[in-house]
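Could you walk me through this structure in plain language, as you would for a colleague at the bench? I'd like to know how the parts sit together and where the empty spaces are.

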Amino acid sequence: MDTTVFEQHESSIRGYCRNFPTVFASASNARQVSEDGTSYIDFFAGAGVLNFGHNNPRMKDALIEFLRNDGVAHSLDTYTTTKRDFIARFHEVVLAPRGMDHRLQFMGPTGSNAVEAALKLARQATGRREVVAFSHGFHGMTLGALAATGNHAFRQWAGVPLNDVVRLPFETAPGGDTAVADYGASLRDPSSGHTAPAAFIVEAIQAEGGVNVASSEWLQQVQALAREVGALFIIDDIQAGIGRTGSYFSFDGMGLDPDIICLAKGLGGFGTPIAMNLNKPEVDEHWSPGAHTGTFRGQGLSFVAGTVALDYAADRDFLDQVEAKGRVMRDRLEQIAADQPGWEVRGKGMMQAIDTGDGALNKQIQAEAFQRGLLFGPCGSGGRVNKLIPPLTIGEDDLDQGLDLFEQAVHAAREGS
Ligand code: PMP
(Lines give C-alpha, C1' and ligand atoms only; values in the text may rest on other atoms or scores of the structure.)
Protein backbone atom coordinates (compact mmCIF):
# COMPACT_ATOMS: atom_id res chain seq x y z
CA MET A 1 0.00 0.00 0.00
CA ASP A 2 1.73 3.16 -1.20
CA THR A 3 0.29 6.42 0.10
CA THR A 4 3.38 8.54 -0.57
CA VAL A 5 1.91 10.41 -3.51
CA PHE A 6 -1.02 11.63 -1.37
CA GLU A 7 1.18 12.59 1.54
CA GLN A 8 3.67 14.44 -0.67
CA HIS A 9 1.32 16.24 -3.02
CA GLU A 10 -2.22 16.41 -1.65
CA SER A 11 -3.47 19.19 0.61
CA SER A 12 -3.31 18.75 4.35
CA ILE A 13 -7.09 19.19 4.35
CA ARG A 14 -7.42 15.44 3.69
CA GLY A 15 -9.76 14.06 6.33
CA TYR A 16 -11.50 10.72 5.89
CA CYS A 17 -8.35 9.04 4.53
CA ARG A 18 -6.74 9.54 7.92
CA ASN A 19 -9.44 7.34 9.47
CA PHE A 20 -9.29 4.81 6.65
CA PRO A 21 -5.53 4.59 5.99
CA THR A 22 -5.51 2.41 2.90
CA VAL A 23 -5.84 2.79 -0.86
CA PHE A 24 -9.15 1.55 -2.20
CA ALA A 25 -9.00 -0.05 -5.62
CA SER A 26 -12.48 -1.35 -6.31
CA ALA A 27 -15.97 -1.41 -4.86
CA SER A 28 -19.15 -3.38 -5.26
CA ASN A 29 -22.45 -2.86 -3.41
CA ALA A 30 -21.53 -2.69 0.31
CA ARG A 31 -17.89 -3.72 -0.12
CA GLN A 32 -14.74 -1.78 -0.88
CA VAL A 33 -11.51 -3.61 -1.65
CA SER A 34 -8.12 -2.06 -1.05
CA GLU A 35 -5.05 -2.47 -3.23
CA ASP A 36 -3.68 -5.10 -0.89
CA GLY A 37 -6.81 -7.18 -1.37
CA THR A 38 -8.52 -6.48 1.97
CA SER A 39 -12.29 -6.39 1.64
CA TYR A 40 -14.10 -3.84 3.82
CA ILE A 41 -17.79 -3.76 4.63
CA ASP A 42 -18.99 -0.22 4.01
CA PHE A 43 -21.27 1.21 6.71
CA PHE A 44 -20.32 4.71 5.59
CA ALA A 45 -21.56 4.70 1.99
CA GLY A 46 -19.81 7.87 0.93
CA ALA A 47 -21.38 9.85 3.79
CA GLY A 48 -24.85 8.87 2.67
CA VAL A 49 -24.33 9.12 -1.10
CA LEU A 50 -24.21 5.44 -2.03
CA ASN A 51 -27.72 4.44 -0.96
CA PHE A 52 -27.88 2.02 -3.88
CA GLY A 53 -24.42 0.57 -3.36
CA HIS A 54 -21.12 0.93 -5.13
CA ASN A 55 -21.32 0.21 -8.84
CA ASN A 56 -24.99 -0.67 -8.75
CA PRO A 57 -25.32 -3.06 -11.71
CA ARG A 58 -28.62 -1.61 -12.98
CA MET A 59 -27.14 1.87 -12.98
CA LYS A 60 -23.86 0.69 -14.46
CA ASP A 61 -25.70 -0.86 -17.42
CA ALA A 62 -27.71 2.32 -17.97
CA LEU A 63 -24.58 4.45 -17.76
CA ILE A 64 -22.60 2.27 -20.18
CA GLU A 65 -25.49 2.40 -22.63
CA PHE A 66 -25.67 6.19 -22.25
CA LEU A 67 -21.93 6.58 -22.91
CA ARG A 68 -22.00 4.17 -25.82
CA ASN A 69 -24.80 6.20 -27.40
CA ASP A 70 -22.92 9.48 -27.00
CA GLY A 71 -25.50 10.87 -24.57
CA VAL A 72 -25.00 14.48 -23.45
CA ALA A 73 -22.85 14.25 -20.32
CA HIS A 74 -22.62 17.97 -19.63
CA SER A 75 -25.42 20.34 -20.45
CA LEU A 76 -25.48 23.43 -18.19
CA ASP A 77 -29.25 23.89 -18.08
CA THR A 78 -30.00 23.17 -21.72
CA TYR A 79 -32.71 20.60 -22.40
CA THR A 80 -31.57 17.00 -22.86
CA THR A 81 -33.34 13.69 -23.27
CA THR A 82 -31.86 12.29 -20.07
CA LYS A 83 -32.84 15.30 -18.02
CA ARG A 84 -36.39 15.09 -19.38
CA ASP A 85 -36.55 11.42 -18.45
CA PHE A 86 -35.29 12.19 -14.95
CA ILE A 87 -37.73 15.05 -14.37
CA ALA A 88 -40.70 13.10 -15.74
CA ARG A 89 -39.86 10.04 -13.65
CA PHE A 90 -39.28 12.14 -10.52
CA HIS A 91 -42.68 13.71 -11.00
CA GLU A 92 -44.30 10.34 -11.54
CA VAL A 93 -42.66 8.53 -8.62
CA VAL A 94 -42.16 11.21 -5.98
CA LEU A 95 -44.26 14.32 -6.59
CA ALA A 96 -47.52 13.11 -8.11
CA PRO A 97 -48.28 10.40 -5.50
CA ARG A 98 -47.83 13.02 -2.76
CA GLY A 99 -49.92 15.63 -4.55
CA MET A 100 -46.87 17.91 -4.76
CA ASP A 101 -46.41 20.43 -7.54
CA HIS A 102 -42.96 21.68 -6.53
CA ARG A 103 -40.62 22.87 -9.28
CA LEU A 104 -37.26 21.13 -9.69
CA GLN A 105 -34.29 23.49 -9.46
CA PHE A 106 -30.83 22.20 -10.31
CA MET A 107 -27.72 23.99 -9.15
CA GLY A 108 -24.01 23.27 -8.77
CA PRO A 109 -23.94 19.65 -7.68
CA THR A 110 -23.31 19.78 -3.93
CA GLY A 111 -25.57 19.88 -0.94
CA SER A 112 -24.02 23.17 0.12
CA ASN A 113 -25.01 24.71 -3.18
CA ALA A 114 -28.60 23.50 -2.75
CA VAL A 115 -28.75 25.09 0.70
CA GLU A 116 -27.24 28.34 -0.63
CA ALA A 117 -29.92 28.47 -3.30
CA ALA A 118 -32.70 27.75 -0.80
CA LEU A 119 -31.55 30.51 1.54
CA LYS A 120 -31.17 33.01 -1.29
CA LEU A 121 -34.62 32.20 -2.62
CA ALA A 122 -36.21 32.48 0.84
CA ARG A 123 -34.58 35.87 1.39
CA GLN A 124 -35.60 37.03 -2.05
CA ALA A 125 -39.17 35.76 -1.69
CA THR A 126 -39.74 37.39 1.71
CA GLY A 127 -37.50 40.45 1.48
CA ARG A 128 -36.10 39.48 4.90
CA ARG A 129 -32.56 38.62 5.99
CA GLU A 130 -32.52 36.38 9.03
CA VAL A 131 -32.94 32.64 8.80
CA VAL A 132 -33.68 30.35 11.72
CA ALA A 133 -31.38 27.32 11.94
CA PHE A 134 -31.02 24.82 14.74
CA SER A 135 -28.25 23.72 17.06
CA HIS A 136 -26.31 20.71 15.75
CA GLY A 137 -27.64 21.31 12.24
CA PHE A 138 -25.29 20.64 9.32
CA HIS A 139 -26.05 22.39 6.06
CA GLY A 140 -22.73 22.72 4.24
CA MET A 141 -19.45 24.58 3.94
CA THR A 142 -20.06 27.61 1.73
CA LEU A 143 -20.61 30.80 3.69
CA GLY A 144 -24.40 30.95 3.64
CA ALA A 145 -24.78 27.24 4.38
CA LEU A 146 -21.96 27.43 6.95
CA ALA A 147 -23.77 30.24 8.76
CA ALA A 148 -26.70 27.83 9.17
CA THR A 149 -24.39 24.99 10.32
CA GLY A 150 -23.90 24.68 14.06
CA ASN A 151 -20.53 22.95 14.40
CA HIS A 152 -17.70 25.23 15.56
CA ALA A 153 -15.07 22.94 14.02
CA PHE A 154 -16.33 24.10 10.61
CA ARG A 155 -17.57 27.57 11.48
CA GLN A 156 -14.16 28.68 12.76
CA TRP A 157 -12.74 28.51 9.23
CA ALA A 158 -15.12 31.09 7.74
CA GLY A 159 -12.75 34.01 8.19
CA VAL A 160 -15.67 36.43 8.02
CA PRO A 161 -18.69 36.85 10.31
CA LEU A 162 -21.37 34.26 9.77
CA ASN A 163 -24.36 36.53 9.97
CA ASP A 164 -28.10 36.61 9.62
CA VAL A 165 -28.89 33.32 11.32
CA VAL A 166 -30.98 32.97 14.49
CA ARG A 167 -29.96 29.79 16.30
CA LEU A 168 -32.58 27.84 18.22
CA PRO A 169 -32.00 24.55 20.06
CA PHE A 170 -33.07 21.49 18.06
CA GLU A 171 -35.91 19.52 19.65
CA THR A 172 -33.57 17.04 21.34
CA ALA A 173 -31.04 19.65 22.57
CA PRO A 174 -31.30 21.33 25.98
CA GLY A 175 -34.17 23.82 25.86
CA GLY A 176 -35.42 22.32 22.60
CA ASP A 177 -38.81 21.43 24.01
CA THR A 178 -39.84 25.06 24.53
CA ALA A 179 -37.55 27.09 22.24
CA VAL A 180 -39.84 27.25 19.21
CA ALA A 181 -42.86 28.26 21.31
CA ASP A 182 -40.78 30.91 23.12
CA TYR A 183 -39.42 32.27 19.88
CA GLY A 184 -42.97 32.37 18.48
CA ALA A 185 -44.12 34.34 21.51
CA SER A 186 -41.38 36.90 21.04
CA LEU A 187 -42.19 37.27 17.35
CA ARG A 188 -45.79 38.04 18.38
CA ASP A 189 -44.61 40.63 20.90
CA PRO A 190 -43.98 43.93 19.08
CA SER A 191 -41.57 45.04 21.81
CA SER A 192 -39.44 41.87 21.91
CA GLY A 193 -36.89 43.28 19.49
CA HIS A 194 -37.31 40.24 17.23
CA THR A 195 -38.43 40.55 13.65
CA ALA A 196 -39.78 37.74 11.54
CA PRO A 197 -37.22 35.59 9.68
CA ALA A 198 -37.12 34.70 5.99
CA ALA A 199 -37.14 30.99 6.70
CA PHE A 200 -36.70 28.12 9.10
CA ILE A 201 -34.24 25.49 7.83
CA VAL A 202 -34.21 22.13 9.54
CA GLU A 203 -33.20 18.50 9.07
CA ALA A 204 -35.94 16.07 10.12
CA ILE A 205 -33.08 13.83 11.26
CA GLN A 206 -29.83 15.60 11.99
CA ALA A 207 -27.28 13.27 10.42
CA GLU A 208 -23.90 14.93 11.01
CA GLY A 209 -25.26 16.54 14.17
CA GLY A 210 -25.54 13.16 15.91
CA VAL A 211 -28.52 11.31 14.39
CA ASN A 212 -31.01 13.42 16.32
CA VAL A 213 -34.53 12.47 15.28
CA ALA A 214 -37.20 15.16 15.43
CA SER A 215 -40.80 14.25 16.22
CA SER A 216 -43.55 15.05 13.76
CA GLU A 217 -45.23 17.23 16.42
CA TRP A 218 -42.14 19.39 16.77
CA LEU A 219 -41.59 19.68 13.02
CA GLN A 220 -45.26 20.62 12.61
CA GLN A 221 -44.80 23.28 15.26
CA VAL A 222 -41.83 24.73 13.34
CA GLN A 223 -43.82 24.64 10.11
CA ALA A 224 -46.86 26.26 11.76
CA LEU A 225 -44.75 29.08 13.17
CA ALA A 226 -43.12 29.62 9.78
CA ARG A 227 -46.55 29.89 8.16
CA GLU A 228 -47.85 32.18 10.89
CA VAL A 229 -45.04 34.70 10.51
CA GLY A 230 -44.82 34.50 6.71
CA ALA A 231 -41.48 32.68 6.66
CA LEU A 232 -40.60 29.73 4.44
CA PHE A 233 -40.29 26.22 5.84
CA ILE A 234 -37.21 24.50 4.39
CA ILE A 235 -36.28 20.88 5.00
CA ASP A 236 -32.70 19.86 4.27
CA ASP A 237 -33.15 16.19 3.35
CA ILE A 238 -29.72 15.92 1.77
CA GLN A 239 -28.47 13.07 3.94
CA ALA A 240 -31.61 11.52 5.42
CA GLY A 241 -33.65 11.48 2.20
CA ILE A 242 -33.71 9.29 -0.94
CA GLY A 243 -35.04 6.16 0.78
CA ARG A 244 -32.62 6.10 3.72
CA THR A 245 -35.37 5.95 6.36
CA GLY A 246 -37.65 3.54 4.48
CA SER A 247 -39.56 6.19 2.54
CA TYR A 248 -38.39 8.63 -0.11
CA PHE A 249 -38.30 11.67 2.16
CA SER A 250 -37.25 11.29 5.77
CA PHE A 251 -40.33 13.30 6.78
CA ASP A 252 -42.93 11.33 4.79
CA GLY A 253 -46.09 10.70 6.79
CA MET A 254 -45.39 13.52 9.25
CA GLY A 255 -48.01 15.89 7.91
CA LEU A 256 -45.46 18.38 6.58
CA ASP A 257 -45.57 20.48 3.44
CA PRO A 258 -42.19 22.24 3.07
CA ASP A 259 -41.87 25.26 0.80
CA ILE A 260 -38.39 24.11 -0.23
CA ILE A 261 -36.78 20.68 0.07
CA CYS A 262 -33.01 20.38 -0.47
CA LEU A 263 -31.70 17.14 -1.99
CA ALA A 264 -28.24 16.01 -3.17
CA LYS A 265 -25.96 13.09 -2.15
CA GLY A 266 -27.93 9.92 -3.07
CA LEU A 267 -30.12 11.64 -5.67
CA GLY A 268 -27.81 10.70 -8.56
CA GLY A 269 -27.83 7.07 -7.43
CA PHE A 270 -24.37 6.08 -8.59
CA GLY A 271 -22.26 8.54 -6.62
CA THR A 272 -21.87 11.08 -9.40
CA PRO A 273 -22.74 14.60 -8.26
CA ILE A 274 -26.10 16.30 -8.48
CA ALA A 275 -28.14 18.61 -6.25
CA MET A 276 -31.72 19.72 -6.58
CA ASN A 277 -34.20 21.83 -4.68
CA LEU A 278 -37.93 21.33 -4.79
CA ASN A 279 -39.51 24.77 -4.68
CA LYS A 280 -43.21 25.46 -4.35
CA PRO A 281 -44.32 27.21 -7.56
CA GLU A 282 -45.28 30.46 -5.81
CA VAL A 283 -41.84 30.58 -4.21
CA ASP A 284 -39.99 29.51 -7.34
CA GLU A 285 -41.59 32.45 -9.18
CA HIS A 286 -39.21 34.76 -7.36
CA TRP A 287 -36.22 33.49 -9.35
CA SER A 288 -35.36 35.11 -12.64
CA PRO A 289 -33.55 33.08 -15.32
CA GLY A 290 -29.93 32.36 -14.41
CA ALA A 291 -30.20 34.02 -11.00
CA HIS A 292 -28.36 31.18 -9.24
CA THR A 293 -26.32 29.87 -12.13
CA GLY A 294 -23.64 27.16 -12.12
CA THR A 295 -21.54 25.38 -14.72
CA PHE A 296 -22.27 21.89 -13.45
CA ARG A 297 -26.05 21.92 -13.25
CA GLY A 298 -26.57 19.49 -16.10
CA GLN A 299 -25.04 16.23 -14.91
CA GLY A 300 -25.99 13.68 -17.60
CA LEU A 301 -24.52 10.71 -15.74
CA SER A 302 -26.43 11.62 -12.60
CA PHE A 303 -29.69 12.07 -14.50
CA VAL A 304 -29.29 8.60 -16.03
CA ALA A 305 -28.39 6.75 -12.81
CA GLY A 306 -30.76 8.94 -10.80
CA THR A 307 -33.63 7.83 -13.04
CA VAL A 308 -32.76 4.21 -12.23
CA ALA A 309 -32.62 5.13 -8.54
CA LEU A 310 -36.22 6.30 -8.82
CA ASP A 311 -37.21 2.71 -9.69
CA TYR A 312 -36.11 1.77 -6.17
CA ALA A 313 -38.19 4.60 -4.74
CA ALA A 314 -41.21 3.24 -6.62
CA ASP A 315 -40.63 -0.27 -5.26
CA ARG A 316 -42.62 -0.84 -2.06
CA ASP A 317 -40.87 -4.18 -1.45
CA PHE A 318 -37.50 -2.47 -1.55
CA LEU A 319 -38.61 0.18 0.94
CA ASP A 320 -40.07 -2.53 3.20
CA GLN A 321 -36.68 -4.26 3.11
CA VAL A 322 -35.02 -1.01 4.13
CA GLU A 323 -37.33 -0.88 7.14
CA ALA A 324 -36.65 -4.53 7.95
CA LYS A 325 -32.88 -4.10 7.70
CA GLY A 326 -33.19 -0.96 9.78
CA ARG A 327 -34.90 -3.01 12.50
CA VAL A 328 -32.08 -5.58 12.37
CA MET A 329 -29.57 -2.77 12.85
CA ARG A 330 -31.61 -1.22 15.63
CA ASP A 331 -31.99 -4.50 17.54
CA ARG A 332 -28.26 -5.23 17.38
CA LEU A 333 -27.32 -1.74 18.49
CA GLU A 334 -29.81 -1.95 21.37
CA GLN A 335 -28.16 -5.21 22.46
CA ILE A 336 -24.69 -3.69 22.21
CA ALA A 337 -25.75 -0.61 24.16
CA ALA A 338 -27.72 -2.55 26.78
CA ASP A 339 -24.79 -3.32 29.07
CA GLN A 340 -23.16 0.12 28.65
CA PRO A 341 -24.65 2.65 31.07
CA GLY A 342 -25.56 5.94 29.46
CA TRP A 343 -25.29 4.77 25.87
CA GLU A 344 -28.23 5.65 23.67
CA VAL A 345 -29.37 4.18 20.36
CA ARG A 346 -31.04 6.54 17.90
CA GLY A 347 -32.08 6.54 14.29
CA LYS A 348 -34.70 5.78 11.70
CA GLY A 349 -34.66 3.16 8.94
CA MET A 350 -31.11 2.44 7.84
CA MET A 351 -29.57 5.41 9.61
CA GLN A 352 -28.89 4.01 13.07
CA ALA A 353 -26.41 5.16 15.66
CA ILE A 354 -25.04 4.67 19.16
CA ASP A 355 -24.30 7.75 21.20
CA THR A 356 -21.57 6.71 23.66
CA GLY A 357 -21.03 10.28 24.84
CA ASP A 358 -17.30 9.71 24.35
CA GLY A 359 -15.58 10.90 21.17
CA ALA A 360 -12.19 9.48 22.19
CA LEU A 361 -13.66 6.03 22.75
CA ASN A 362 -15.44 6.23 19.39
CA LYS A 363 -12.15 6.98 17.66
CA GLN A 364 -10.86 3.74 19.16
CA ILE A 365 -13.99 1.85 18.10
CA GLN A 366 -13.59 3.18 14.59
CA ALA A 367 -9.92 2.17 14.44
CA GLU A 368 -10.69 -1.32 15.78
CA ALA A 369 -13.49 -1.64 13.22
CA PHE A 370 -11.21 -0.58 10.39
CA GLN A 371 -8.63 -3.18 11.41
CA ARG A 372 -11.36 -5.82 11.28
CA GLY A 373 -12.62 -4.67 7.87
CA LEU A 374 -15.51 -2.31 8.65
CA LEU A 375 -15.87 1.31 7.58
CA PHE A 376 -18.08 3.84 9.34
CA GLY A 377 -17.83 7.41 10.56
CA PRO A 378 -18.46 9.33 13.77
CA CYS A 379 -20.78 12.32 14.09
CA GLY A 380 -22.28 14.53 16.78
CA SER A 381 -20.54 16.89 19.19
CA GLY A 382 -16.90 15.83 19.56
CA GLY A 383 -17.60 12.65 17.57
CA ARG A 384 -19.68 11.18 20.42
CA VAL A 385 -21.99 9.24 18.08
CA ASN A 386 -21.20 6.20 15.91
CA LYS A 387 -23.39 6.49 12.84
CA LEU A 388 -24.04 3.42 10.70
CA ILE A 389 -25.40 4.10 7.20
CA PRO A 390 -24.77 1.08 4.96
CA PRO A 391 -26.04 1.09 1.38
CA LEU A 392 -29.76 0.33 1.38
CA THR A 393 -29.00 -2.50 -1.05
CA ILE A 394 -26.62 -4.30 1.34
CA GLY A 395 -27.12 -8.08 1.48
CA GLU A 396 -28.30 -9.60 4.75
CA ASP A 397 -25.01 -11.49 5.15
CA ASP A 398 -22.91 -8.37 4.87
CA LEU A 399 -25.25 -6.50 7.17
CA ASP A 400 -24.99 -9.19 9.84
CA GLN A 401 -21.24 -9.52 9.41
CA GLY A 402 -20.77 -5.76 9.57
CA LEU A 403 -22.79 -5.62 12.80
CA ASP A 404 -20.66 -8.47 14.21
CA LEU A 405 -17.51 -6.52 13.35
CA PHE A 406 -18.95 -3.41 14.94
CA GLU A 407 -19.74 -5.30 18.13
CA GLN A 408 -16.24 -6.81 18.22
CA ALA A 409 -14.75 -3.36 17.72
CA VAL A 410 -16.82 -1.95 20.58
CA HIS A 411 -15.63 -4.72 22.92
CA ALA A 412 -12.00 -4.36 21.83
CA ALA A 413 -12.11 -0.58 22.37
CA ARG A 414 -13.80 -0.98 25.76
CA GLU A 415 -11.17 -3.47 26.87
CA GLY A 416 -8.39 -1.20 25.65
CA SER A 417 -9.79 1.92 27.37
N1 PMP B 1 -26.91 19.15 4.37
C2 PMP B 1 -26.79 17.97 5.00
C3 PMP B 1 -27.92 17.50 5.86
C4 PMP B 1 -25.63 17.20 4.86
O5 PMP B 1 -25.52 16.04 5.52
C6 PMP B 1 -24.60 17.67 4.02
C7 PMP B 1 -23.31 16.87 3.84
N8 PMP B 1 -22.89 16.12 4.89
C9 PMP B 1 -24.77 18.90 3.38
C10 PMP B 1 -25.93 19.61 3.58
C11 PMP B 1 -23.69 19.47 2.49
O12 PMP B 1 -23.57 18.69 1.34
P13 PMP B 1 -22.21 18.76 0.48
O14 PMP B 1 -21.12 18.15 1.31
O15 PMP B 1 -22.52 17.95 -0.75
O16 PMP B 1 -21.97 20.18 0.17
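A cavity, in the sense used here, is a set of grid points where a 1.4 Å probe fits but cannot get out. Keep in mind that this is a predicted model. Rolling a probe the size of a water molecule over the atoms shows where empty space is left.

Let's begin with the domains. The chain's domain assignment gives domain 1, covering 4-55 + 316-416, and domain 2, covering 71-313. Taken over C-alpha atoms, the centres of domain 1 and domain 2 are 26 Å apart. As for how they touch, 30 residues of domain 1 make contact with 28 residues of domain 2.

Now back to that enclosed space. How many cavities of 30 Å³ or more does a search of the whole structure find? The search turns up 1 cavity, and the volume of the largest cavity is about 40 Å³. Its walls are made by F52, I242, G243, Y248, A309, Y312, A313, F318 and L319. Two elements, helix 12 (300-313) and helix 13 (316-338), give two or more residues to this lining. Helix 12 has the largest share, with 3 residues. By character, the lining splits into 8 nonpolar residues, 1 polar and no charged. Which domains does the lining draw on? Domain 1 and domain 2 each contribute at least three residues to the lining of the largest cavity.

Open spaces come next, and here we can look at the second largest pocket. Its volume is about 550 Å³, and 18 residues line it. Nearest the centre of this pocket you'll find D77, K83, L104, Q105 and F106. Helix 5 (81-95) and strand 4 (103-106) each supply at least two residues of the lining. Strand 4 gives the most, at 4 residues. The makeup of this pocket's lining is 7 nonpolar, 5 polar and 6 charged residues.

From the pocket, turn to helix 9, which runs over residues 179-188. Which of its residues are buried? They are A179, V180, Y183, G184, S186 and L187. Looking down the axis of helix 9, you see these buried residues fall within an arc of 165°, so they line one face of the helix. The general rule for helices helps here: an α-helix has 3.6 residues a turn, so residues three or four places apart point the same way. And what lies over that buried set? The cover includes strand 5 (131-134), strand 6 (165-168), strand 7 (199-202) and helix 10 (216-228).

Follow the chain on from helix 9 and you come to A198, in the loop between helix 9 and strand 7. Is A198 buried or exposed? With a relative accessible area of 0%, A198 counts as buried, because the cut-off for buried is under 20%. Leaving out residues up to four places away in sequence, A198 touches A122, R123, T126, R128, E130, V131, A231 and L232. Compare that with P174: A198 and P174 are 24 residues apart in sequence, and their C-alpha atoms are 25 Å apart in space.

At the other end of our tour is F6, which sits in helix 1 (residues 4-9). F6 is partly exposed, its relative accessible area being 36%. Apart from neighbours within four places in sequence, F6 is in contact with R14 and V23. F6 and C17 are 11 residues apart along the chain, with 9.8 Å between their C-alpha atoms.

Finally, a couple of backbone oddities to check on your screen. N55 isn't a glycine, yet it has a positive phi of about 50°. You'll find N55 in the loop between helix 3 (45-48) and helix 4 (57-68), and it is partly exposed, at a relative accessible area of 32%. L76 is another residue other than glycine with a positive phi, this one near 45°. L76 belongs to the loop between helix 4 and helix 5, and its relative accessibility of 38% makes it partly exposed.

Terms used. Residues numbered from 1 in each chain as written. Predicted model: local features only at pLDDT ≥ 70, side-chain atom pairs only at ≥ 80, totals over all residues. Heavy atoms only, no water. Buried < 20%, exposed > 50% of the residue type's maximum accessible area, 1.4 Å probe, protein only. Arc of directions from axis to C-beta. Contact = heavy atoms within 4.5 Å. 1 Å grid on protein atoms, 1.4 Å probe; cavity = no way out; pocket = protein on both sides within 12 Å on 5 of 7 lines; lining within 4 Å. Points joined across faces, edges and corners; volume = space filled by probe spheres on them. Nonpolar A, V, L, I, M, F, W, Y, C, P; charged D, E, K, R; others polar. Domains from an automatic or database assignment.
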